[in-house]
Amino acid sequence: HVQLVESGGGSVQAGGSLRLSCVASGYTYNPWCMAWFRQAPGQGRERVATIESDGQTTYLDSVKGRFTISKDNAQSTLYLQMDSLKPEDTGMYYCAAAGGYCYRGFGYWGQGTQVTVS
């Protein structure tokens, strides 16, 4: 069964950086799509970035140029490099995966890792 485990969250000052990791196990879909979502207290969940097996990536407009999503296929690990962090980036960040192309929806989720920017 698919399991996603995030790590790398923490507290950082505005302008700082964090690198989130998501180790995926049992994720053997091809094609595939993985993503990072975030949710601030009392707010809806936002799709921060996606990456597909063909290398295509998408980003939430507010993080373009600051965040980079990537995947190390050998280690089956998804990353989100977050630079120039802003207080508005604060929230719980979740790793997600789809059972094929992104349009199929994200059926697998990690437990989340907290990011706090002050």
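These are my notebook entries on strand pairing, charged pairs and aromatic rings in a predicted model.

**Entry 1. Strands S4, S5 and S6**

I began with strand S4, residues 33-39, and strand S5, residues 45-52. The two pair in the antiparallel sense, and I recorded 7 bridges between them. For one point of register I looked up Trp 36, whose bridge partner in S5 is Ala 49. The hairpin of S4 and S5 has 5 residues between the strands. Within this hairpin, Gly 42 takes a positive phi near 75°.

I then followed S5 onward to strand S6, residues 57-59. S5 and S6 run antiparallel and are joined by 3 bridges. Ala 49 appears again here, since it stands opposite Tyr 59 in S6. I therefore noted Ala 49 with a partner in each direction: Trp 36 and Tyr 59 of S6. The hairpin of S5 and S6 has 4 residues between the strands, and its Gly 55 takes a positive phi near 95°.

**Entry 2. Salt bridges**

How many salt bridges does the model hold? My count came to 4. Side chains of opposite charge can pair when their charged atoms come close.

I looked first at Arg 38. Arg 38 forms a salt bridge with Glu 46, and the closest N and O atoms are 3.0 Å apart. A further salt bridge joins Arg 38 to Asp 89, with the closest N and O atoms 2.9 Å apart. Arg 38 lies in strand S4, whereas Asp 89 lies in the loop between strand S8 (77-82) and strand S9 (91-98), so the pair ties together parts that are 51 residues apart in sequence.

Is Arg 38 buried or exposed? Its relative accessible area is 4%, so I entered Arg 38 as buried. Asp 89 is buried as well. Glu 46, by contrast, is partly exposed, with a relative accessible area of 31%. I also recorded that Arg 38, Glu 46, Arg 66 and Asp 89 are linked in a network of salt bridges.

Another salt bridge is made by the side chains of Asp 61 and Lys 64, at 3.0 Å from N to O. Asp 61 has 61% relative accessibility and therefore counts as exposed. Lys 64 is partly exposed, with a relative accessible area of 49%.

**Entry 3. Tyr 108 and its surroundings**

I next examined Tyr 108, which is found in strand S10, residues 106-109. Its relative accessibility is 18%, so Tyr 108 counts as buried; the cut-off for buried is under 20%. Leaving out residues up to four places away in sequence, I listed what Tyr 108 touches: His 1, Val 2, Leu 4, Tyr 29, Cys 95, Ala 96, Ala 97 and Gly 99. With one of these, Tyr 29, the side chain of Tyr 108 makes a side-chain polar contact at 2.5 Å.

I also checked a distance along the chain. Tyr 108 and Ser 118 are 10 residues apart in sequence, and their C-alpha atoms are 30 Å apart in space.

**Entry 4. Aromatic pairs**

My search of the whole structure found 5 aromatic pairs. I examined the rings of Tyr 29 and Tyr 108, whose centres are 5.9 Å apart and whose planes stand at 40°, so the pair is tilted. This pair links distant parts of the chain: Tyr 29 is in the loop between strand S3 (18-25) and S4, Tyr 108 is in strand S10, and 79 residues separate them. Tyr 29 is partly exposed, with a relative accessible area of 33%.

How are the rings of Phe 37 and Phe 106 arranged, and why is the pair described in that way? Their centres are 5.2 Å apart and their planes are at 75°, so the pair is edge-to-face. Phe 37 lies in strand S4 and Phe 106 in strand S10, so the pair ties together parts that are 69 residues apart in sequence. Phe 37 counts as buried at 9% relative accessibility, and Phe 106 counts as buried at 16%.

I closed this entry with a cluster: Tyr 27, Tyr 29 and Tyr 108 form one aromatic cluster.

**Entry 5. A charge over rings**

Over which rings does Arg 45 lie? I found Arg 45 over the face of Tyr 94, at 5.0 Å from the ring centre. Arg 45 also lies over the face of Trp 109, at 4.6 Å from the ring centre.

Terms used
Residues numbered from 1 in each chain as written. Predicted model: local features only at pLDDT ≥ 70, side-chain atom pairs only at ≥ 80, totals over all residues. Heavy atoms only, no water. Pairing = 2+ DSSP bridges. Buried < 20%, exposed > 50% of the residue type's maximum accessible area, 1.4 Å probe, protein only. Contact = heavy atoms within 4.5 Å. Polar contact = N/O pair within 3.5 Å; in protein donor to acceptor, adjacent residues only side chain to side chain. Phe/Tyr/Trp six-rings, centres within 6.5 Å; stacked < 30°, edge-to-face > 60°. Lys NZ or Arg CZ within 6 Å of the ring centre and 35° of its normal.
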